[in-house]
Structure formats: structure tokens, C-alpha cells
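Me: I'd like to zoom in on just one part of this one: the ligand and whatever sits around it. Could you walk me through it in plain words?

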Amino acid sequence: MTAPSSPVRDFLVQPVRQVSGTLTVPGDKSISHRSLMLSGLAEGLSEVTGFLASEDCLATLNAMRALGVPIEQPSATHVLIQGVGLHGLKGAGHPLDMGNAGTAMRLLTGLLAAQNFDSRLVGDGSLMKRPMERVAKPLRAMGADVRTHAGTPPVDIGGGRRLHGIDYAMPVASAQVKSAILLAGLYADGATSVTAPAVSRDHSERMLLSCGVRVVTLGLRTTVFPPQRLLGQRLNVPGDFSSAAFFIVAGLLGAAEGGLLIQNVGMNPTRTGLMDILRSMGADIEIRDARESGAEPVADLLVRASPLAGIEVPSSLVPLAIDEFPVLFIAAACASGETLITGAEELRVKESDRIAAMGAGFTALGVAHEVLPDGMRIAGRPDGYAFGGGEIDSHGDHRIAMAFAVASLRAAKPLLIRDVANVATSFPDFVGVARGVGLDLA
Ligand code: S3P
């Protein structure tokens, strides 16, 4: 899957002034990936509803099938997984193509490091440039045979190694690295601990607990104890907060009277840093009907148009909003005064260099900004048009493409957003949902 299947290469977005109505965002990407991996290792049948049938998650689904896990998909969002047990996976016999999906590649590296067969993981042009040593290094410390090529994929994993529990101090607050180590830790000869420099998303820990695995988090330290078995699960995946983020900002910039209602949004506190940041900028976001869906909190969000004021974003919130910075940059460009984002150097190694890609887009659209090594300083324009019009390159990054589509609410002229096919990696029907609330995308 090196070429995305979506035929849409560019978005032509006409300026609009308002959004309105109710929308539902697709299932959470992080949880959907994990549901396939853990259900595959479990004993018995697992049933996942609300699954995100996006290119990234389908890469994981195809990989798990290739590793011998029977998976049926009665409908796009409904998946039945016949778990093969902790020791039931079989070698694929060919390289596993993870497409654009960093989460799939990093988590599977951890899982495959503990198997008794060899594996090779590859991906698309963007994924083949992303850092993999951050995962390989701790896995090697556990005794695994994991090789990268100058730090990047292909990742080659030698099977048949006996893994040892480690106590690892992780240099970056990465949920992917943490999760890869926890997955390998399921097979270790003792407990495995990961200590992080800051909190990151905890979906793996929650789902492992649901599958009957003993996982203990004390402050920034998480420990997994190797289980005898994983239990199958029935899981309803909540809507992806990261997909909701585009519409949260759209609502703040232009919700009609009555607000914009976003239903069934995952509200795991390790994911909702953007809410805190936007609220401290003056956002009016009402949390309605807060409830639990399986191991995860969920709510509906009513977003009202709000004047925003620039802030210095606390660096403690960066890992809790790591995927939301492209659209936060758009909000900041529409706020009064200056917004300063620092401590976000991880943005440079996402699906694109998001600091550079947003900076180039801002230059094209006339937004005053200063690119910093670890963030950006943005001078907002709250009145009139924060953005001119013109052409923006998304650099094949789904979140850059969707963020600039939201900018159309404050654009003077049409926006032509290039290279948007990868929107299908996380939000296949973005165009339909966006049009449904009033954005004008073609
Ligand atoms: C993810 C973790 C984050 C995030 C990515 C999904 C996950 O990456 O950016 O989109 O599902 O664990 P890092 O772990 O590299 O911060």
C-alpha cells in the first residue's frame, strides 16, 4: 500500500463564514489500531464496533490477517477478530506494509520482537523516513533483535529471542514507544517498566487492563506484568478527538447561533490538551452528556463561536495535544495578539515536518509568524480575514490538509490544498462531514 487509494489529490476550498448543525466524527485511530492487535493476541472472539476503517487502521488489519489472525468485517466499522492467543501468530512470509501508519509500525515492532519468526516492516515514502531507533533501542535492551536502516525503516526483526523485563527511562513522551515496550513486555520473563518524561496517551494501558492484563501506572511510570493469556473484548470505539479537533476549531471560528454539536467524542484526558489550550484562549466549548464507553470517557461537545486571544502554550500540554497543533496554529492565526508554541519539536518527525509545513502554508496565506526550532510564534488577526487565498502544499500530511480546510472560515479567497489523498489515513469521509456542516470543499 505505497500509493493511497483515494482519488482525491487536492481540495479546492471556497471561503465560507459559518458552520452549523450536528456531526459525528469517525472512530479513534489509536484505539482502533490497538483493538486489532490486542484482540488478535487474545483467546476467543472479540467484537469491535465504531472501528475506524481508514487506510492506517486497515494496514494494521491486513498485517494481523497476514500474521494468521482470522478477521471478518461485516461492515466497515464492525470487526470480528478470532484471537489466536499470545503464542498463535505465524510469520507473514513477506514484508508487512504499514503504509503511512507510524502507530502501526512502532507498535507492531514491539509485538513482533517477541515472536518466534522473522518479520520485516515497510511503509510509504513518509513512513520510510520516520525515526524507528526510539523503539528499536529499548527492545534491544530487552534482548530483541531489531534492526533499522540508519535509524529508519525497513525494520527487520529476528524471531526466537527470549525477552527480559526492563526498567526503561524513555527520553521522549511517546505513547507509541511506550506501547511497543508494553507489548513486548507481555512476553518478557519478568515485569517491564517504562518511565516517561511527561504523560502521553494511555489507550494501551486501558485496553490491556480490559483484556485482563495487570498494568500499573504510578505517576509517570507504567509497569506491565506478563500474563498467561489475554481475554477477548467487546469494544465500542469512541469518536476520535483528533478528528473532532478540526470541527472544534471550525465551530470557534464560525459556528452559527446555537453552536456546532460534535457527538460521541473520545474524551480521554491524555488526549484533550487542545480543549485546555483553546479554553485558556477564550473558547466556549460545552461538554455534554459525559459518559463511559468501555474503558474510555466519551461526551458530546457543543462549540460556540468565540473570540480567541493568543497565549503562551504551556509545554506540559504539548504531549496531550500533539496531533492537534496544525489546527491549533489555524486558531492562533485568528486570535488577537500573539501565540507562542515551544517544546513541540516532536512535530518535526510526524507524517510531515509539521512546523515547516504549517510555516510554509502561513507564508503562502500571508500569516505573520516566526518558525522556531521547537514550535512557532504566530501573530493573530482576529478581525476580517486572517488568511489570504492561494495554494498550500499539505506535504501528504492528513492533518495539515484538514487544518487548512478549516482556515477557509477566515480566508479572503479560495484555498487550493495540494496532495490531500492521505486524509483517508485517518478521516476517510472528511469532505462529506465538512460539507454537512457548511464548509465548501471540492
Ligand atoms: C499515537 C501516539 C502519538 C501520536 C500518533 C498516535 C498512538 O505519537 O502522534 O498520531 O496511537 O500511540 P508519538 O507516540 O510519536 O508521540
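How far does a polar side-chain atom of D323 lie from an oxygen atom of the ligand?

Reply: The gap is 2.6 Å between a polar side-chain atom of D323 and an oxygen atom of the ligand. Bear in mind that this is a predicted model, where local features need pLDDT of at least 70, side-chain atom pairs count only at pLDDT 80 or more, and totals for chains, interfaces and linings use all residues. Residues are numbered from 1 along each chain as its sequence is written, and side-chain values use heavy atoms, with hydrogens and water left out.

D323 has company. In R34, a side-chain N or O atom is also 2.6 Å from an oxygen atom of the ligand, and for K350 the distance from a polar side-chain atom to a ligand oxygen is 2.7 Å. Pairs like these count as polar contacts (N or O atoms within 3.5 Å). With the protein around it, the ligand has 96% of its own 380 Å² of accessible area covered (Shrake-Rupley method, 1.4 Å probe).

So who's in the shell? Around the ligand you'll find S30, R34, T103, R106, S174, A175, Q176, R201, I322, D323 and K350 (each with a heavy atom within 4 Å of it). Sort them by type and you get five charged, four polar and two nonpolar residues. Here Asp, Glu, Lys and Arg are the charged kind, so R34 and D323 are among the charged ones.

Three elements each give two or more residues to this shell: α1 (29-41), α3 (102-112) and α5 (175-185). These helices are DSSP runs (H or I, at least four residues), numbered from the N terminus. S30 and R34 fall inside α1, T103 and R106 inside α3, and A175 and Q176 inside α5.

Now step back a little. Domain 1 (10-27 + 238-441) and domain 2 (29-236) both supply shell residues, so the ligand lies between them; the bounds come from an automatic or database domain assignment. D323 and K350 belong to the domain 1 side, while R34 belongs to domain 2.

Terms used: Polar contact = N/O pair within 3.5 Å; in protein donor to acceptor, adjacent residues only side chain to side chain.
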